[in-house]
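Okay, thanks everyone, let's get going. I'll put the structure up and walk you through a few places in it.

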Amino acid sequence: MKIGIMSMAHMHAHSYIKALKAIPNVEVAGIFDDNQQRGAAAANTYQTVHFIDQDAFLQLEMDAVIICSENYRHKEMVVQAAKAKKHILCEKPIATKVEDALEMINTCNHHQVILQIAFPVRFSAPIRELKQQIDNGELGEIIAFRTTNRGQNPGGWFIDEQKSGGGAVLDHTVHMVDIMRWYSGEEVSEVRAFIDSSFHNIGINDMGLLTLGFKNGIIASHDPSWSRFPEYPTWGDVTIEVIGTKKTVKVDALQEHVRLYQHGDKPLRQAFYGNNMDYALINDFVDCVKTNRSPSVTGMDGLKAMEVALGAYESNRKQETVNLSCI
């Protein structure tokens, strides 16, 4: 199977390529990046071909593409890849506007290509174990969620609102909304949010606090931020606490680690030893393409998670609870 990479703008592109190279009978067909320096460097590192022209890249004989561009370019690349009959794994968030996400989904459906959204947290071993407990009825009825996704400021285009579509709240809300929807099978119907920038001198939000209401009455809180400083022992956290009628369980997708003490600017480091979520995500996508099955994380999953984050921004602007459309 041959899979191409569209843009190296997102840092996940590197881990996705490494995952592809670790899967038997999978080949990196090439890298498209109209940033000449970045694309050429990546092609040299991963021993593949760099294309600066998107049309020429999409004419390659390959089965699928993985899109890792700036968020505002997702729609353009997904639409063009779908028209070229390539199956697609698109980095999250799916887009920066609901109408763009709908166009992406409809285009992929029209051209009968797979559109999967990159939510690697779904493939974390402790997150999946908790999903199994919920499905087995061990927690009883879900009453509430408490979630966090707090990491480091990635800088670059992430703090350029025109290119990213939003700051920490968009970047770090979609993951956990996806998990809550996956766990409960329910949609978020309303959101109240308080959003600000307090940790960095940047013109975009780096923190927030969201309260969510689900259609069936579940309530949830979510804390997304870029609050971890560079010397922090690990990148951040991805946590969810599920409060059920039978018991409450909390997991951190990044908690499987050993503590290392060393000399230097970061005297304490947490070395992760758990399963590689990115590899599991890519392996799942490869299997999806190979077997032509429905994706584990659909375009609509991506849209619904993005809709909540965008609703949070609207709530903060209006200083009131916002009802979501529940498309």
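Let's start at Phe 145. If we ignore its neighbours within four places in sequence, Phe 145 is in contact with Met 180, Tyr 183 and Ser 184, then with Phe 214, Ile 218, Ile 219, Ala 220 and Ser 221, and finally with Ile 240, Glu 241, Val 242 and Ile 243. Keep in mind as we go that this is a predicted model.

So what is Phe 145 part of? The largest nonpolar core here has 67 residues, and Phe 145 is among those with the most contacts inside it, along with Ile 88, Leu 212 and Ile 240. Helix 8 gives the most to this core, with eight residues. There's also a second core, separate from that one, with 27 residues, including Tyr 16, Ala 19, Val 26 and Cys 68. As background, nonpolar side chains in soluble globular proteins tend to be buried together.

Now, on to helix packing. Helix 8, residues 168-184, packs on helix 10, residues 299-318, at an angle of about 130 degrees, and the axes are 8 Å apart. That angle makes helix 8 oblique to helix 10. On handedness, the two cross in a right-handed way. Who makes the contact? From helix 8 we have Ala 168, Val 169, Leu 170, Thr 173, Val 174, Val 177, Asp 178 and Arg 181, and from helix 10 Asp 301, Lys 304, Ala 305, Met 306, Val 308, Ala 309, Ala 312 and Tyr 313. Sort the residues of that contact by class and you get 11 nonpolar, one polar and four charged.

The other pair I want to show you is helix 1, residues 12-22, with helix 9, residues 277-291: their axes come within 9 Å and cross at roughly 60 degrees. Here too the word is oblique, for helix 1 relative to helix 9. Helix 1 passes helix 9 in a right-handed crossing. On the helix 1 side, the contact uses His 12, Ser 15, Tyr 16, Ala 19, Leu 20 and Ala 22, and helix 9 brings Asp 278, Tyr 279, Leu 281, Ile 282 and Val 286. You'll recognise Tyr 16 and Ala 19 from the second core. By class, this contact has eight nonpolar, two polar and one charged.

Next, a lysine. Lys 131 sits in helix 6, residues 125-135. Is Lys 131 buried or exposed? With a relative accessibility of 15%, Lys 131 counts as buried, because the cut-off for that is under 20%. Setting aside residues up to four places away in sequence, Lys 131 touches Trp 182 and Tyr 183. And Tyr 183, you'll remember, is also one of the contacts of Phe 145.

Last stop, the backbone. The peptide bond from Lys 92 to Pro 93 is cis, with omega near -10 degrees. You'll find Pro 93 in the loop between strand 5 (87-91) and helix 5 (98-110). Lys 85 isn't a glycine, yet it has a positive phi of about 65 degrees. Its place is the loop between helix 4 (74-83) and strand 5. Gln 319 has a positive phi as well, near 55 degrees, and again that's in a residue other than glycine. Gln 319 lies in the loop between helix 10 and strand 15 (322-323). At 64% relative accessibility, Gln 319 counts as exposed.

Okay, that's what I had. Over to you.

Terms used:
Residues numbered from 1 in each chain as written. Predicted model: local features only at pLDDT ≥ 70, side-chain atom pairs only at ≥ 80, totals over all residues. Heavy atoms only, no water. Axes fitted to C-alpha atoms, helices over the stretch in contact; angles between N-to-C directions. Helix = DSSP H or I, 4+ residues; strand = E, 2+ residues; numbered from the N terminus. Parallel < 35°, antiparallel > 145°, perpendicular 65-115°, else oblique. Left-handed = near helix turned anticlockwise from the far one by under 90°. Contact = heavy atoms within 4.5 Å. Nonpolar A, V, L, I, M, F, W, Y, C, P; charged D, E, K, R; others polar. Core = buried A, V, L, I, M, F, W, Y, C linked by side-chain atoms within 4.5 Å. Buried < 20%, exposed > 50% of the residue type's maximum accessible area, 1.4 Å probe, protein only.
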